[in-house]
Amino acid sequence: MHATTDITQPHVGTRFPFGQFRPRRLLVALAFLALALMPGGLGALTRELMVDAYTQVSAFVAATLILFYGAERAFKFDIGNALRNAKGWQVPLAALLGSTPGCGGAVIVVAAYSSGNVGFGAVVATLTATMGDAAFLLIATRPDAALVVLPLSFVVGVLSGWIVDAVSGDSMAADTSKHCELAPRIGATRRRDYAFALIALPGLIIGGAQLGGVDVRAVFGPSMEVVGLVGTAVGLFIWSTSKLTAMTNASDTPVTRMAEETAFISVWVISAYLAYDYLAAYAGLDLEAMFSSVAPLLPLIAVLIGFVPGCGPQVLVATLYINGLIPFAALIGNAISNDGDALFPAIALNPKAAIWATLYSAVPALIVAYGFYFLAPGFMN
């Protein structure tokens with residue numbers, strides 16, 4: 001009988017007719033609502049940023065996730081068995097899964113490691129290659145940079161995995177006596193999930209038009225505000241009533257998984273958007289001047305931020321890059337060093353392996369980051 005470690009136990013919440021709210025998340029959601037309803041410039045700015053966050057990022061995240069999870073369900077592909085039988089291709093496949101946007105691919109590899117299907121090199125490869133949920137933000141806002149970051153992270157991940165396997169051998173083999181329930185099951189698709197999917201479709205149309213250079217506020221008028229704010233509100237409701245931390249269970253429906261994970265990502269994106277613009281508009285901070293004063297340390301700081309489990313801090317780093325406050329060198333350093341949400345199950349299953357994998361990923365992150373900083377300082381800036 002395997003011991004079960006559930007790293008995403010639901011918190012006790014307040015029961016309402018439409019769900020059970022988690023108190024801390026409810027407070028955050030109510031704070032967002034209060035800011036959006038503020039009179040004058042603050043409320044107007046908040047609503048504008050929420051609409052932009054939804055149409056520029058959240059709608060694209062929803063579309064990507066529904067395609068990914070829909071294909072996974074339709075083809076019924078057992079990735080764990082494929083990785084176990086891949087032999088020499090195990091590390092490249094693990095890096096490929098890690099380099100896919102979001103944390104799902106990296107979580108799959110960590111789960112495969114816990115069951116003995118892959119070696120430690122595959123874990124290092126996937127954690128090095130993954131950019132986590134910050135990849136969605138980069139793809140939606142700076143696709144040119146994403147076309148460099150994601151393939152480069154993949155290559156670095158493959159090389160790192162092969163080197164680690166050659167050096168460590170079987171010394172970091174997984175303890176298969178443990179099993180990790182990555183996320184509790186939700187069950188049947190809920191009305192809130194269908195509502196989120198329904199509003200995401202016009203959001204995607206507006207976001208696509210915006211990427212094409214269309215003046216979307218002139219074309220779509222008030223309907224753009226309605227789509228963005230309703231989508232944001234539904235996402236906040238899903239997030240504030242969710243019993244998950246970020247990851248979803250593979251047995252849940254693609255629509256439910258899309259709604260849950262997009263809602264989680266959206267909260268961090270909104271937070272990053274608001275934090276940046278509030279500081280610039282109301283705190284009087286010249287963030288560009290502040291960061292330029294410590295420019296040589298920015299790649300190192302970004303790499304160290306990558307050590308923090310979860311995707312929230314990494315979304316903030318990507319936001320700073322998109323707004324021109326940090327160089328590409330810092331972005332790529334963070335992308336290689338950060339492990340996203342996949343680090344949570346890794347810590348629960350094998351803390352020693354998780355720590356070593358994180359430290360191993362820091363070495364290529366620093367090399368690549370400072371390589372760009374000194375050799376190509378203006379690249380993709």
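Leaving aside its neighbours within four places in sequence, with which residues is Phe-328 in contact? In this predicted model, the partners of Phe-328 are Ala-145, Val-148, Val-149, Tyr-321, Phe-372, Phe-379, Met-380 and Asn-381. Two of these names, Val-149 and Tyr-321, recur together with Phe-328 in the description of the interior that follows.

The largest nonpolar core of the structure comprises 75 residues. Within this core, the residues with the most contacts are Phe-328, Tyr-321, Leu-331, Phe-196, Val-149, Leu-138 and Met-131. Helix 12, which spans residues 254–281, supplies the largest share of this core, with 13 residues. A second core, separate from the one just described, holds 24 residues, among them Ala-106, Val-107, Val-124 and Leu-343.

The interior also involves a polar residue. Ser-58 belongs to helix 2, which covers residues 40–75. Ser-58 counts as buried because its relative accessible area is 4%, below the 20% cut-off for that class. With neighbours within four places in sequence left aside, Ser-58 is in contact with Ala-53, Thr-262 and Ser-266.

Attention now turns to the surface. There, Val-294, Leu-297, Leu-300, Ile-301, Leu-304 and Leu-366 make a nonpolar patch of about 440 Å². Helix 14, residues 298–305, gives the largest share of the patch, namely 3 residues. Leu-304 is located in helix 14 and is one of the residues that make the patch. Leu-304 has a relative accessible area of 45% and is therefore classed as partly exposed, a class that lies between the buried limit of 20% and the exposed limit of 50%.

How values were computed. Residues are numbered from 1 along each chain as its sequence is written. This is a predicted model: local features need pLDDT of at least 70, side-chain atom pairs count only at pLDDT 80 or more; totals for chains, interfaces and linings use all residues. Side-chain values use heavy atoms; hydrogens and water are left out. Patches are made of residues with over 30% relative accessible area and no salt bridge: like charges are joined within 9 Å, nonpolar side chains (Val, Leu, Ile, Met, Phe, Trp, Tyr) within 5 Å. Accessible areas come from the Shrake-Rupley method with a 1.4 Å probe; for residues, only the protein chains shown count as cover. A salt bridge is a side-chain nitrogen of Lys or Arg within 4 Å of a carboxyl oxygen of Asp or Glu. Helices (H or I, at least four residues) and strands (E, at least two) are DSSP runs, numbered from the N terminus. Buried means under 20% relative accessible area, exposed over 50%, partly exposed in between (1.4 Å probe, protein chains only). A nonpolar core is a set of buried Ala, Val, Leu, Ile, Met, Phe, Trp, Tyr and Cys residues joined through side-chain atoms within 4.5 Å. Contact means heavy atoms within 4.5 Å.
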